[in-house]
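Reader: I'm new to reading protein structures. Can we go through one together, a question at a time?

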Amino acid sequence: MSQDFNGFGLPAKLLQSLARMKYDTPTPIQLQTIPLALEGKDVLGSAQTGTGKTAAFGIPLIVHLMNNPASTALIMTPTRELAAQVRAALEPMLPFDVKAALLIGGESMPKQFSQLNQKPNLIIGTPGRITDHLMRGTLKLERADFMVLDETDRMLDMGFGIQIDKVLTFMPKQRQTLLFSATMPANIIKLSGKYMHKPERVAVGSTTTPAANIHQELVHTTDTDKYTQLLAQLDQRKGSVIIFVKTKFGTEKLAKRLIASDHKADAIHGDLQQRRRDRVIRNFRDQRYRILVATDVAARGLDIPHIEHVINFDLPQCPEDYIHRIGRTARAGADGCAVNLLTPADGAKWKAIHRLMHGKDDPSMPASYAKPSGGGYKGRGGYKGKNTGPFKGKSADGRFKAKSGEGGYKGKPAADGGKPAWKVNKPRNKANFKPKKAA
Ligand code: AMP
């Protein structure tokens with residue numbers, strides 16, 4: 001049954017804003033979350049990346065603030081970029097009497113003090129900086145009776161559990177809480193038991209399954225050939241690319257190497273100054289360069305519609321991060337590709353990723369990948385057994401086309417229109433919902 005936003009009984013002003021933003025049809029997570037949250041219920045939500053989660057919590061939050069002008073709402077996210085992105089996504093929906101403040105680390109305190117002097121009733125930020133303001137007394141949350149925890153699994157992974165606990169001591173006990181997490185491990189369920197009141201569970205698809213419109217490929221290579229393989233992949237593809245590497249140092253090194261190989265690239269990682277991080281993201285968003293080399297932390301939650309390819313130069317540290325990484329492409333119903341450069345040492349990691357997604361081993365793994373040389377995952381459902389599957393070149397369910405040497409992107413026709421080839425985007429797949437125009 002399709003429904004439009006009118007069916008939720010939203011205030012007319014908000015409906016007008018949504019219409020201006022070309023949000024015609026609610027996405028599945030919005031359909032599930034908005035009615036429950038409008039009834040005042042706590043919601044524990046899991047959704048695949050790019051499903052419209054921000055508006056799913058943002059719309060009820062705005063309605064709450066419109067109905068309760070003396071209230072404050074708080075949104076906490078794991079990273080600065082995600083907080084800024086959430087603010088940017090909600091800004092066009094905000095009525096003029098809702099004032100938002102962005103409180104993130106790495107930004108000047110005086111700038112944030114002046115935002116706080118305006119008496120904002122919507123606080124968006126990262127747990128560290130929010131705690132900092134609470135301790136200084138520059139932020140008061142005794143009226144914050146609506147809270148959103150976004151990407152909660154990542155916040156806990158990053159060690160923000162203690163700060164979240166602290167922030168909650170400054171908030172009223174009587175409040176509405178919406179908690180979103182891409183995965184639902186035991187610690188999240190425990191957290192929800194501690195901080196939520198009879199939460200309603202909502203989920204879209206499986207959080208261990210990437211979106212169906214992401215085409216995944218394996219490219220078998222060796223450490224020595226990896227860079228050459230990467231160049232071959234970049235040459236065969238068009239459109240913006242995000243490349244994930246393991247270390248902060250690795251991002252900068254690879255970006256420099258790519259620039260030396262005549263590619264337009266930049267690097268982002270958690271150690272860069274906030275101003276630099278903002279600039280790198282802004283320039284990538286504006287397609288001033290084609291390739292962003294990133295660590296997991298820096299790329300979490302990024303919503304950049306023109307990313308067509310995710311290349312895992314190094315596999316991620318934990319299998320769940322694979323789902324997040326590849327979710328940077330195929331945003332809002334578009335198509336995308338995920339390419340994994342696999343060396344024999346990655347066998348154990350790939351096995352854990354495949355198990356997370358399919359509940360079984362990947363039969364396409366070459367036997368030589370069976371014995372990992374220390375590259376497996378420890379503690380998070382990692383590889384403990386032995387891969388006995390013969391290499392058949394294609395996995396049993398046909399989703400992965402293993403390629404030896406040549407990565408086989410049989411993509412699109414050549415670019416046109418005078419744009420550089422990589423700037424020509426793929427047509428969007430409208431099956432999921434009508435995506436809005438790229439901002
Ligand atoms: P999110 O998962 O919140 O990051 O959203 C992913 C993308 O979908 C963003 O670019 C949103 O602006 C867009 N979006 C979210 N909800 C809708 C909707 N109902 N209609 C059209 N676009 C949407």
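Author: Sure, and keep in mind that this is a predicted model.

Reader: Is Ala298 buried or exposed?

Author: Let's place Ala298 before judging it: this residue belongs to helix H13, residues 296-299. Its relative accessibility is 0%. The cut-off for buried is under 20%, so Ala298 counts as buried.

Reader: Which residues is Ala298 in contact with, leaving aside neighbours within four places in sequence?

Author: Contact here means heavy atoms within 4.5 Å. With the neighbours within four places in sequence set aside, the contacts of Ala298 are Glu81, Ile268, His269 and Gly270.

Reader: Which helix gives the largest share of the largest nonpolar core?

Author: That core has 40 residues, and Leu10, Ile59, Leu61, Ile75, Met93 and Leu122 have the most contacts inside it. Take Leu61: beyond its neighbours within four places in sequence, it touches Ala73, Ile75, Leu122, Phe146 and Val148. As for the largest share of the core, 8 residues come from one helix, residues 53-67, and that's H3.

Reader: How many residues are in the second, separate core?

Author: Look for Ile214, Leu292, Ala299 and Trp350, which are among its members. The size of this separate core is 30 residues.

Reader: What classes of residue line the second largest pocket?

Author: This pocket has a volume of about 370 Å³. Its lining is made of 17 residues, with Thr72, Leu116, Lys119, Pro120 and Lys140 lying nearest its centre. Sorted by class, the lining comes to 7 nonpolar, 6 polar and 4 charged residues.

Methods: Residues are numbered from 1 along each chain as its sequence is written. This is a predicted model: local features need pLDDT of at least 70, side-chain atom pairs count only at pLDDT 80 or more; totals for chains, interfaces and linings use all residues. Side-chain values use heavy atoms; hydrogens and water are left out. On a 1 Å grid over the protein atoms alone, a cavity is a set of points where a 1.4 Å probe fits but cannot get out, and a pocket is an open set with protein on both sides within 12 Å along at least five of seven lines; lining residues have an atom within 4 Å of a point. Grid points are joined across faces, edges and corners, and a volume is the space filled by probe spheres set on the points. Ala, Val, Leu, Ile, Met, Phe, Trp, Tyr, Cys and Pro count as nonpolar, Asp, Glu, Lys and Arg as charged, and the others, Gly among them, as polar. Helices (H or I, at least four residues) and strands (E, at least two) are DSSP runs, numbered from the N terminus. Buried means under 20% relative accessible area, exposed over 50%, partly exposed in between (1.4 Å probe, protein chains only). A nonpolar core is a set of buried Ala, Val, Leu, Ile, Met, Phe, Trp, Tyr and Cys residues joined through side-chain atoms within 4.5 Å.
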